[in-house]
Amino acid sequence: MASFHHRWSLTFFFIVATLALIAQAHAAGYSTPSVTFKATPWQLAHATFYGDETASETMGGACGYGNLFNSGYGTDTAALSSVLYSNGYSCGQCYQIKCTQSKDCYPTIVTVTATNLCPPNWSQDSDHGGWCNPPRTHFDMAKPAFMKIAQWKAGIVPVSYRRVPCIRKGGIKFSFQGNGYWLLVYVMNVGGGGDVASMWVKGTKTNWLSMSHNWGASYQAFATLSGQALSFKLTSYTSHETIIAINVAPSNWQVGMTYQANVNFH
Ligand SMILES: *[C@@H]1O[C@H](CO)[C@@H](O)[C@H](O)[C@H]1NC(C)=O
């Protein structure tokens, strides 16, 4: 009976200690991600490429990351067919792609970030040029990325792909647009699942304000937030985990600037 009691109080101690640690993490301004995004099983799709070797066409894109060299995504990027793109909620996700079942394949596996939408072309059949038409899962890769997995002359190749965790350096980045009454934020450098389902902003003088999805990887708040340091709360689209980034932008924040948190998903 004594040992039973002893074990029980030990268990109780651990529960209390764990709760205290969680409370402490929250007080410090972030919730330690407890979920680690795991790679999905391999599936089949097809891949093509767009642009040329300079990848100048990877500037811009439907996710809104702008210049992909400046935003850190570079040329290991791809446009997703609308089935995969999920109306922009897949922006920032990471995929491993390898060429399969073609004499034009190289054995390399490339990891790309989803930065763009490959729109349907309804004037082409889905088996004859309309590669990105629903219900096809298709990757239209930046040419340098495609050239790692296959001879570019192949044009289109069958591929195996899977989602993998995004490995990012440092915290989530928030790129600001808008004006004094409207804050539009592009979320970049997201680790783990790489994606964002919902987002809130908090000024030093406001409560948490829900932001609405604008397009691609951007979220907006219609509120007067100038002159206030800003914090963000984000929920991952894939893992549903929530993360809080306190005082990411200083009170003298400006549109056109990018601010980096010290927290990220994993
Ligand atoms: C769609 O396909 C047609 C027919 O091949 C082509 O002329 C047109 O340029 C394509 N549209 C886009 C936006 O790529």
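Among contacts in the protein chain between residues at least 6 apart in sequence, what percentage join residues at least 24 apart? In this predicted model, the figure is 71%. In other words, 71% of these contacts bring together parts of the protein chain that are separated by at least 24 positions in sequence. The protein chain itself has 266 residues, and 41% of them count as buried. Its secondary structure consists of 14 strands and 3 helices.

A good place to look inside this arrangement is strand E2, which covers residues 77-81. Is this strand largely enclosed or left open? Here, 5 of the 5 residues are buried, so strand E2 is largely enclosed by the rest of the structure.

Two partners of strand E2 can be followed in the model. Strand E4, residues 109-118, pairs with E2 in the parallel sense, and 5 bridges link the two. Strand E5, residues 138-142, runs antiparallel to E2 and is joined to it by 3 bridges. Alanine 78 offers a handy landmark for finding both pairings. Opposite alanine 78 in E4 stands alanine 114, while in E5 its bridge partner is methionine 141.

The ligand provides another point of interest. Which residues are found around the ligand? They are Asn121, Ser123, Gln124 and Gly129. By residue class, the shell around the ligand comprises 4 polar residues, with no nonpolar and no charged ones.

Notes
Residues numbered from 1 in each chain as written. Predicted model: local features only at pLDDT ≥ 70, side-chain atom pairs only at ≥ 80, totals over all residues. Buried ≥ 20, exposed ≤ 12 C-beta atoms within 10 Å, placed from the backbone. Helix = DSSP H or I, 4+ residues; strand = E, 2+ residues; numbered from the N terminus. Pairing = 2+ DSSP bridges. Near = placed C-beta within 6 Å. Nonpolar A, V, L, I, M, F, W, Y, C, P; charged D, E, K, R; others polar. Contact = placed C-beta atoms within 7 Å.
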